[in-house]
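Work through the exercises below with the model open beside you. Each task is followed by a solution in steps.

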Amino acid sequence: MDVSLTLWVLTVVGLGALIAVDFFIGRKPHDVSVKEAGIWTIVWIVLAGLFGLGLLIWGGGQAGGEFFAGYITEKSLSVDNLFVFVLIMAKFAVPSQYQQRVLLVGVLIALVLRAIFIAAGAAILASFSWVFYIFGAFLIWTAWKLIQEARADGEDEEFEENKLLKAAERRFGVADRYHGTKLWIEQNGKRVMTPMLVVMLAIGTTDVLFALDSIPAIFGLTQDPYIVFTANAFALMGLRQLYFLIGGLLKKLVHLSYGLSIILGFIGVKLVLHALHESGVHVPEISIPVSLGVICGVLIVTTITSLRASRKQAEAEAAAGRDGGPVKNDIDV
């Protein structure tokens, strides 16, 4: 797409306005109900759908298809982020009424950092087409790693603070308790961070690690920076409500990692084929409709098999509870 500077500015301002409205509505700390989370999840999905339809009408079928494929991929990958967000909330013992504020600011930090990643990725790909080989190989390796992690025992998992976060804590110090929504306080004559700021930074910086997978993945579907940025923005901005909506459902998505590994591996192969095509090798390229079909199909199958496996596990545990015998807590594909 030929996107003018004016359209870029209008898009950023529009997204900023949506974030401001979201912040204004949720400014008062409170426990988020399933109803509230469900309504706002639908609102964000509808807004993304309307934006995609706008691209379809004014940008053509190619642009619209690329946006929806990118949005669905980023949304599905962002669900995997929620597992880590749950661990972070538990690690820092975030009070339930403050969790939405933590997620809002944390996701905003993540969006800014991802914008930098996208700009850098677009510049690199525009200058060096061979980078597609690296991106493709990296996604295939990530897909294999996801399968290995899914097959390993993931019980008693705990969030590990990254080096940047530890350095900030050593440099500024951290208060021993939460002080409402305050980010800084005076303690013993010294200005220190509150746990609220620490957990916000944890959410934002941890998402950068997920961006190492998701950014190459969406560049495998489109090389348009405008579509990459907007698909990421809409996927991330609805993440906070999704956290509260499917928090209890996350444990039931036992096959999600397998589904994501298939999607990443598929896009990795697509990138390698594209790189070969750019190098003058006559190989078939995977179209956007095919990509969209594969991504949606994998997610639907993964969700169905996950829920079936979880239901069977629950039934087995219930039966064992009645009989007084042990249950093997192992779900595999």
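## Exercise 1: A residue in H5

Ile-147 is partly exposed, at a relative accessible area of 25%. The model is a predicted one.

**Task.** State which helix holds Ile-147, and find which residues Ile-147 touches beyond four places in sequence.

**Solution.**
- Step 1. Place the residue: Ile-147 belongs to helix H5, residues 131-151.
- Step 2. Check the exposure class. Buried needs under 20% and exposed needs over 50%. Ile-147 has 25%, so Ile-147 is partly exposed.
- Step 3. List the contacts, leaving out residues up to four places away in sequence. Ile-147 touches Tyr-258 and Ser-261.
- Step 4. Add a distance along the chain. Ala-137 is 10 residues from Ile-147, and their C-alpha atoms are 16 Å apart.

## Exercise 2: The two sides of H6

**Task.** Determine which residues of helix H6 are buried and which exposed residues sit on the face turned away from them.

**Solution.**
- Step 1. Take H6 as residues 163-172 and pick out the buried ones: Leu-165, Ala-168 and Glu-169.
- Step 2. Look at their directions around the axis. The arc they cover is only 100°, which means that they lie on the same side of H6.
- Step 3. Turn to the face pointing away from the buried side. Exposed there are Lys-163, Leu-164, Arg-170 and Arg-171.
- Step 4. Identify the cover. Strand S2 (190-193) and helix H7 (195-219) are among the elements covering the buried residues of H6.
- Step 5. Move past the end of the helix. Gly-173 follows H6 and has a positive phi, near 80°.

## Exercise 3: Charge pairing

**Task.** How many salt bridges does the model have, and which residues of H3 and H4 are tied together?

**Solution.**
- Step 1. Recall the principle. Side chains of opposite charge can pair when their charged atoms come close.
- Step 2. Apply the cut-off of 4 Å between a side-chain nitrogen of Lys or Arg and a carboxyl oxygen of Asp or Glu. The count is one salt bridge.
- Step 3. Name the pair. Arg-114 bridges to Glu-74, with 3.2 Å between the closest N and O atoms.
- Step 4. Locate the partners. Arg-114 is in helix H4 (residues 99-127) and Glu-74 is in helix H3 (residues 61-91), so the bridge ties together parts 40 residues apart in sequence.
- Step 5. Check burial. Arg-114 is buried, at 4% relative accessible area. Glu-74 is buried as well, at 2%.

## Exercise 4: Positive phi outside glycine

**Task.** Where do Ala-93 and Asn-188 lie, and are Ala-93 and Asn-188 buried or exposed?

**Solution.**
- Step 1. Start from the expectation. Most residues other than glycine have a negative phi.
- Step 2. Read the angles. Ala-93 has a positive phi near 45°. Asn-188 has a positive phi of about 55°.
- Step 3. Place both. Ala-93 is in the loop between H3 and H4. Asn-188 is in the loop between strand S1 (184-187) and S2.
- Step 4. Classify them. Ala-93 is exposed at 55% relative accessibility, and Asn-188 is exposed at 79%.

## Exercise 5: Buried polar residues

**Task.** Describe what surrounds Gln-241 and Thr-73.

**Solution.**
- Step 1. Place Gln-241 in helix H9, residues 239-245. Its relative accessible area is 4%, which makes Gln-241 buried.
- Step 2. Go through its contacts beyond four places in sequence: Asp-22, Ala-37, Trp-40, Thr-41 and Trp-44.
- Step 3. Single out the polar contact. The side chains of Gln-241 and Trp-44 make one at 3.5 Å.
- Step 4. Place Thr-73 in helix H3. Thr-73 is buried, at 0% relative accessible area.
- Step 5. Collect its contacts beyond four places in sequence: Ala-217, Leu-221, Ile-263, Ile-267 and Ile-295.
- Step 6. Compare sequence and space. Leu-299 is 226 residues from Thr-73 along the chain, with 9.4 Å between the C-alpha atoms.

## Exercise 6: A nonpolar patch

**Task.** Which residues form the nonpolar surface patch, and where is Leu-56?

**Solution.**
- Step 1. Gather the members: Ile-42, Val-46, Leu-50, Leu-53, Leu-56, Ile-57 and Trp-58. Together they have about 780 Å² of accessible area.
- Step 2. Place Leu-56 in helix H2, residues 34-58.
- Step 3. Check its exposure. Leu-56 is partly exposed, at 37% relative accessibility.

Key:
Residues numbered from 1 in each chain as written. Predicted model: local features only at pLDDT ≥ 70, side-chain atom pairs only at ≥ 80, totals over all residues. Heavy atoms only, no water. Buried < 20%, exposed > 50% of the residue type's maximum accessible area, 1.4 Å probe, protein only. Helix = DSSP H or I, 4+ residues; strand = E, 2+ residues; numbered from the N terminus. Arc of directions from axis to C-beta. Contact = heavy atoms within 4.5 Å. Patch = residues over 30% accessible without salt bridge, like charges linked within 9 Å, V, L, I, M, F, W, Y side chains within 5 Å. Areas by Shrake-Rupley, 256 points an atom, 1.4 Å probe, with all protein chains shown as cover. Polar contact = N/O pair within 3.5 Å; in protein donor to acceptor, adjacent residues only side chain to side chain.
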